[in-house]
Amino acid sequence: MTKEKVAYLVDSGSNVPEEYVELGNMNVIPLKIIYKEKEFIDNVDITAQDVYDRLQDEIPTTSLPSGEVISEIFKKIQDEGFKKVICVTISSGLSGTNNMVRVVSENFSDMDILTIDSKNIGIGSGLIAVQAYKYVEAGLDWDTIKSKLEEDVAKSKIFFHVPTLEYLQKGGRIGLVASILGNILNLKPVITCNEDGVYDTVAKIRGNKKSVQKAIDLAVDFAGNAKNYNLAIAYGGKTALAQVEEIRAVLKEKLPLAGAIFEGEVSPALGVHTGPGLIGIGIIITDS
């Protein structure tokens, strides 16, 4: 079986596990973090902790990359001799990146470019990129890879806990009334992306610990009777990192059939909207 020669293109908001980014032909389109006096490149010259440390002074905005930047990456892939490219981006319901990639890809008609709208964010999107790599390595043919990745969109989910609604509210992701009420009642939302790829509050739990547990329980429910799945723990900043070891132990107990459990910090771009302390539980069902 001849393995396809494929390049990969993902955006920084997909939080693809670092071990896969480092494999070589996984190209990352960086989102932008915009402060009043300067722009930064997501995960290149700014970290999520940098964002958190400055939130008291300024909440920046985020922006999709320019078409020129995306075009340069496609040109690099082309120059390296690739004829096939798999692109995985965060949800088109949350960012214009997916549409920008599709538009720019039309200028590279000599390459077969598959663009997947993950309908997800963070590692929920990144887990689909990992599957893309695995399908190629397994020697699957191009049409089968395309078909399986399109099916994987519905098989991937992230449930994340945020300790405050303040930053989602200030970023226009949640209403002011809901934010004030939630903070008064100490309600901690568990958020996912719905089938349209937009933020959906699936639970409101009183207290941080119970909210994180609810996110884990929702991942368990999503797994259902699946026999094969991969998991991920995403965290936002030092306070969340301190919880990862305990969360990993709980996941291993509740979802013992996990083929892999990835761990990583959320991108600065996502951190802008959620603030510090985020815990995300990602899952992708990998049954054939």
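In this predicted model, Lys157 has Ile283 in β13 as its bridge partner, and this pair belongs to a set of six bridges by which β8 and β13 are joined while running antiparallel. Strand β13 also pairs with β11, which spans residues 229-235, again in the antiparallel sense and this time over seven bridges; within that pairing, Tyr235 is matched with Ile279 of β13. The strand β13 is mostly covered, since seven of its seven residues are buried. Following its side chains, one finds Ile279, Ile281, Ile283 and Ile285 pointing one way, with Gly280, Gly282 and Ile284 pointing the other way, and all of them are buried.

From β13 we can move to helix α6, whose buried residues pack against β13 as well as against β1, β6, β7, α5 and β8. In this helix, which covers residues 142-152, the buried residues are Trp142, Ile145, Leu149 and Asp152. When one looks down the axis of α6, these buried residues fall within an arc of 85 degrees, so they line one face of the helix. A general property of helices helps here: an α-helix has 3.6 residues a turn, so residues three or four places apart point the same way. At the N-terminal end of α6, Asp141 acts as a cap, with a side-chain oxygen placed 3.2 Å from the backbone nitrogen of Asp143.

Next comes an open sheet of four strands, which are ordered β2-β1-β6-β7 and pair in parallel. Strands β2 and β7 stand at the edges and have a single partner strand each, so one side of each is left without a neighbour in the sheet. On average, and with direction ignored, neighbouring strands of this sheet are turned by 20 degrees against each other. The parallel strands β6 and β7 are joined by six bridges, and Cys87 has Thr115 in β7 as its bridge partner. Helix α5 lies across β1, β2, β6 and β7, and its direction is at about 160 degrees to β6. Helix α6 also packs on the sheet, where it touches β1, β6 and β7, and its direction makes about 15 degrees with that of β7.

The nonpolar interior can now be considered. The largest nonpolar core has 51 residues, and those with the most contacts inside it are Tyr8, Ile86, Ile121, Leu149, Phe160 and Tyr199. Helix α5 gives the largest share of this core, namely nine residues. Ile86 shows how parts of the chain meet: beyond its neighbours within four places in sequence, Ile86 is in contact with residues including Val6, Tyr8, Leu114, Ala132, Trp142 and Leu149. A second, separate core of 25 residues includes Ile233, Ala240, Val244 and Leu251.

Finally, two loop residues are worth setting side by side. Asn120 lies in the loop between β7 (112-117) and α5 (123-137), and because its relative accessibility is 2%, Asn120 counts as buried. The side chain of Asn120 reaches the backbone oxygen of Ser156 at 3.0 Å, and among the other residues that Asn120 touches are Ile90, Ser125, Lys157 and Cys193. Asp57, found in the loop between α2 and β5, is by contrast exposed, because its relative accessible area is 70%. Asp57 and Lys155 are 98 residues apart in sequence, and their C-alpha atoms are 39 Å apart in space.

Definitions and conventions:
Residues are numbered from 1 along each chain as its sequence is written. This is a predicted model: local features need pLDDT of at least 70, side-chain atom pairs count only at pLDDT 80 or more; totals for chains, interfaces and linings use all residues. Side-chain values use heavy atoms; hydrogens and water are left out. Buried means under 20% relative accessible area, exposed over 50%, partly exposed in between (1.4 Å probe, protein chains only). A polar contact is a pair of N or O atoms within 3.5 Å; within protein, one must be able to donate a hydrogen and the other to accept it, and residues adjacent in sequence count only if both atoms are side-chain atoms. Contact means heavy atoms within 4.5 Å. The arc is that of the directions from the helix axis to the C-beta atoms. Two strands pair if DSSP finds at least two bridges between them. Axes are lines fitted to C-alpha atoms, for helices over the stretch in contact, and angles run from 0 to 180 degrees between N-to-C directions. A nonpolar core is a set of buried Ala, Val, Leu, Ile, Met, Phe, Trp, Tyr and Cys residues joined through side-chain atoms within 4.5 Å.
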